[in-house]
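Here's a quick tour of the charged pairs in this model, plus a helix and a surface patch. Have the structure open while you read.

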Amino acid sequence: MTATEAGTTTGTFTPRPGAAPPARMIRAQAALETRMLLRNGEQLLLTVVIPTLLLVLFSAVDIVAVPTETAGGAGKAVDFLTPGVLALAVMSTAFTGQAIATGFERRYGVLKRLGASPLPRWALMTAKTCSVLVTEILQIVLLTVIAFALGWSPHGNPFAVVLLLALGTAAFSGLGLLMAGTLKAEATLAAANLVFLLLLVGGGVIVPLDKFPDAAQQVLHLLPISALSDGLRDVLQHGAGMPWADLGILAAWAVLGLGAAAKLFRWE
């Protein structure tokens, strides 16, 4: 072997120590986060089973009287329920599931160890956000297929729907990270599940907000789950244009939640 060939061979197998590019680290961490979520039975119950059961049960059985009028005339209960259940799916993943998972990662020192790795902290949060988005896409596809099978007839502008879902995800992610980064893991577990149940009932998901007293409605309309479900319902059920008021409420919650989480989040 000549000196040139030896140098070429040595160069081929010479280690190149150092961190991988940020994009590659984010993809790897996001894939790991997604696999962990999909393998967690409790998370699947929260993000997939409960929304699916609510959609099928309340569409098939007349438990709660809901307005069924659509942009195309008389509709079905599924036309009212589907936008609310889509909003619930976003909340279950971006808020409840992320808060609980991140809270226990913080308790067991996972976040501290990852923070000391070559993966920057902003890249870790980006990977978590990507994992949330992937899970939401899977949820929305599944729920949409089930809704169509139940006779759903959507209307409206798809861009408005995407914008509502994006702002809803940002709002709930900020609130979830704020809770996970400031409370103990056990408190986060209890609080996140309690908020999930309360907003399921009082957020316009299944029960129309006009069933509540007028004074309560004024407060409930300002909640992020109410803004998301009402906005989706205005577009998908009634064929409305851009729901600016609901988008404004979601944007305000997103700014407040993400800003507070960035300032108050504790990694240990």
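Arg 107 comes out as partly exposed because its relative accessibility is 47%; the bins are buried under 20% relative accessible area, exposed over 50%, and partly exposed in between, with a 1.4 Å probe and protein chains only. Its partner in a salt bridge is Glu 186, with the closest N and O atoms 2.5 Å apart. A salt bridge here is a side-chain nitrogen of Lys or Arg within 4 Å of a carboxyl oxygen of Asp or Glu. This one ties together distant parts of the chain: Glu 186 sits in helix H8 (residues 185-202) and Arg 107 in helix H4 (residues 77-107), 79 residues apart. Glu 186 is partly exposed too, since its relative accessibility is 41%.

Before going further, keep in mind that this is a predicted model, where local features need pLDDT of at least 70 and side-chain atom pairs count only at pLDDT 80 or more, while totals for chains, interfaces and linings use all residues. Residues are numbered from 1 along each chain as its sequence is written, and side-chain values use heavy atoms, with hydrogens and water left out.

The salt-bridge rule gives a count of 4. Among them are these:

| Pair | Closest N to O distance |
|---|---|
| Lys 128 and Glu 33 | 3.4 Å |
| Glu 186 and Arg 107 | 2.5 Å |
| Asp 230 and Arg 233 | 3.7 Å |

Lys 128 and Glu 33 are both buried. They are also linked with Glu 105 in a network of salt bridges.

Asp 230 and Arg 233 are a local affair: both lie in helix H10 (residues 224-236), 3 residues apart, about one turn of the helix. An α-helix has 3.6 residues a turn, so residues three or four places apart point the same way. Asp 230 counts as buried because its relative accessible area is 16%, and Arg 233 is buried at 6%.

Now for the helix. H7 runs over residues 158-182, and at 1.5 Å a residue its 25 residues should span 36 Å, which agrees with the 36 Å between its end C-alpha atoms. The expected span is 1.5 Å times one less than the number of residues. Asn 157 caps the N-terminal end of H7, with a side-chain oxygen 3.0 Å from the backbone nitrogen of Phe 159.

Finally, the surface: Leu 38, Val 134 and Leu 138 make a nonpolar patch of about 240 Å². Patch residues have over 30% relative accessible area and no salt bridge, with nonpolar side chains joined within 5 Å and like charges within 9 Å. Val 134, found in helix H6, is partly exposed, with a relative accessible area of 39%.

Definitions and conventions
Helices (H or I, at least four residues) and strands (E, at least two) are DSSP runs, numbered from the N terminus. A polar contact is a pair of N or O atoms within 3.5 Å; within protein, one must be able to donate a hydrogen and the other to accept it, and residues adjacent in sequence count only if both atoms are side-chain atoms. Accessible areas come from the Shrake-Rupley method with a 1.4 Å probe; for residues, only the protein chains shown count as cover.
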